[in-house]
Amino acid sequence: MIDIGRVFSTSFTMLRQRFWPLVGMWAVFLAIQMAASTVLAVVMVVVGMAGVAGLGAGLEDPAAFGGLGIVMIVFMVLFYGAYIVLLLAQQAAMVTLGSPLEEPAFGTAMNRGFRSALPFFGLSVLLVLGYFALAAAVMAVMSLASVGGGAAGGFVSGLIGLLMLPLVIWLACRLSVLVAVVAVDQVFNPITALRRSWAVTKGKTLRILLALAGFIGISLVALAVPFMLIFFAADMAESSPGAGIGLGIVGLLIFVPLFVVYTIYTATFTAALHCEVTEGGAERLEEVFA
């Protein structure tokens with residue numbers, strides 16, 4: 001049985017004890033992301049200059065434009081794919097560093113994060129494919145329900161759409177510790193990671209849902225103040241530009257550090273929830289899968 005109070009107690013304890021290493025991890029990945037964005041900007045400028053230089057040739061040979069466009073599309077797909085992998089690696093590293101089941105070793109956590117990146121990418125592909133398959137099935141059922149037309153068909157379609165919400169929430173609870181399963185338990189096979197997450201959350205969905213609801217409540221409270229300040233600043237800017245700009249700056253100055261702390265707490269909460277559903281790591285010592 002999951003002790004919800006212990007989840008939050010552990011998450012705040014890890015946040016307090018490992019705050020500065022977690023801030024350092026966040027800063028390292030931010031620097032890597034900024035460097036990657038700089039590389040993208042440079043490549044975009046180079047490709048743009050090449051496009052301008054080849055404009056004359058393109059007027060005589062329209063296929064040149066098509067070739068340049070294909071190169072740009074391939075580059076953008078590869079870049080954003082790598083960027084997503086980098087974000088997943090950051091999350092894995094921070095969850096590892098914030099886990100009560102792991103020693104607070106910065107290098108080990110970073111290495112674990114990069115090792116988890118490709119498995120996470122594979123999991124993302126599998127989940128996206130599953131989403132499209134589920135969406136296609138729902139759309140097919142809704143189409144069949146609306147064949148007769150009229151109010152009855154519309155009611156059935158709306159009811160099916162409404163019934164999807166509990167299913168999505170249930171799936172989110174069953175997969176809520178997937179990041180920690182890969183990063184902390186070091187289950188790098190995507191299929192095995194999905195099976196393990198499914199196994200350790202079995203029979204605990206309601207408690208996980210309550211814990212996630214509490215986490216969402218904390219998130220709303222923590223981020224409400226800066227968002228309200230920024231919203232009021234935008235509204236005030238119409239009548240009093242100076243005061244609006246000042247209030248907006250204050251809102252941003254509050255939002256940035258809060259967002260960093262919130263990002264870190266997300267990692268420690270995920271780690272604490274994983275620790276609780278695996279009964280303090282006991283599951284890691286067992287052979288879960290045949």
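**Exercise 1. Contacts of one core residue**

Find which residues Met25 touches, not counting residues up to four places away in sequence.

*Solution.* Step 1: select Met25 in this predicted model. Step 2: list the partners. Met25 touches Ala93, Met94, Leu97, Phe106, Ala109 and Met110. Step 3: place Met25 in the wider picture. The largest nonpolar core has 47 residues. Met25, Phe269 and Leu273 have the most contacts inside this core.

**Exercise 2. Who builds the core?**

Name the elements that give two or more residues to the largest nonpolar core, and find which gives the largest share.

*Solution.* Step 1: recall the general trend. In soluble globular proteins, nonpolar side chains tend to be buried together. Step 2: list the elements for this core of 47 residues. They are helix H1 (4-17), helix H2 (19-53), helix H4 (63-97), helix H5 (106-145), H7, H8, helix H9 (205-236) and H10. Step 3: pick the top contributor. H10 supplies the largest share, 9 residues.

**Exercise 3. The span of H10**

Compare the reach of H10 with the span expected at 1.5 Å a residue.

*Solution.* Step 1: count residues. H10 has 37. Step 2: go from the first C-alpha to the last. The reach is 51 Å. Step 3: compare. The expected value is 54 Å, and the reach is close to it. Step 4: look just past the end of the helix. There, Glu279 takes a positive phi of about 60 degrees.

**Exercise 4. Positive phi**

Locate Gln186 and Glu279, and decide how exposed each one is.

*Solution.* Step 1: recall the general rule. Most residues other than glycine have a negative phi. Step 2: take Gln186. Its phi is positive, near 60 degrees. Gln186 lies in the loop between helix H7 (178-183) and helix H8 (190-200). Its relative accessible area is 35%, so Gln186 is partly exposed. Step 3: take Glu279. This residue sits in the segment after helix H10 (241-277). Its relative accessible area is 54%, so Glu279 is exposed.

**Exercise 5. Cysteines**

Are Cys173 and Cys275 buried or exposed, and how many disulfides are there?

*Solution.* Step 1: use the cut-off. Buried means under 20% relative accessible area. Step 2: apply it. Cys173 is at 1%, so it is buried. Cys275 is at 14%, so it is buried. Step 3: count sulfur pairs within 2.5 Å. The count is 0 disulfides.

**Exercise 6. Confidence**

Find where confidence is lowest and where it is highest.

*Solution.* Step 1: start with the average. The protein has a mean pLDDT of 81, and 78% of the residues score at least 70. Step 2: find the extremes. Helix H3 (residues 55-60) is lowest, at a mean of 50, and H1 is highest, at 95. Step 3: check residues 285-290. Their pLDDT is below 50.

Note on methods:
Residues numbered from 1 in each chain as written. Predicted model: local features only at pLDDT ≥ 70, side-chain atom pairs only at ≥ 80, totals over all residues. Heavy atoms only, no water. Helix = DSSP H or I, 4+ residues; strand = E, 2+ residues; numbered from the N terminus. Buried < 20%, exposed > 50% of the residue type's maximum accessible area, 1.4 Å probe, protein only. Expected span 1.5 Å × (residues − 1). Core = buried A, V, L, I, M, F, W, Y, C linked by side-chain atoms within 4.5 Å. Contact = heavy atoms within 4.5 Å. pLDDT = per-residue confidence, 0-100.
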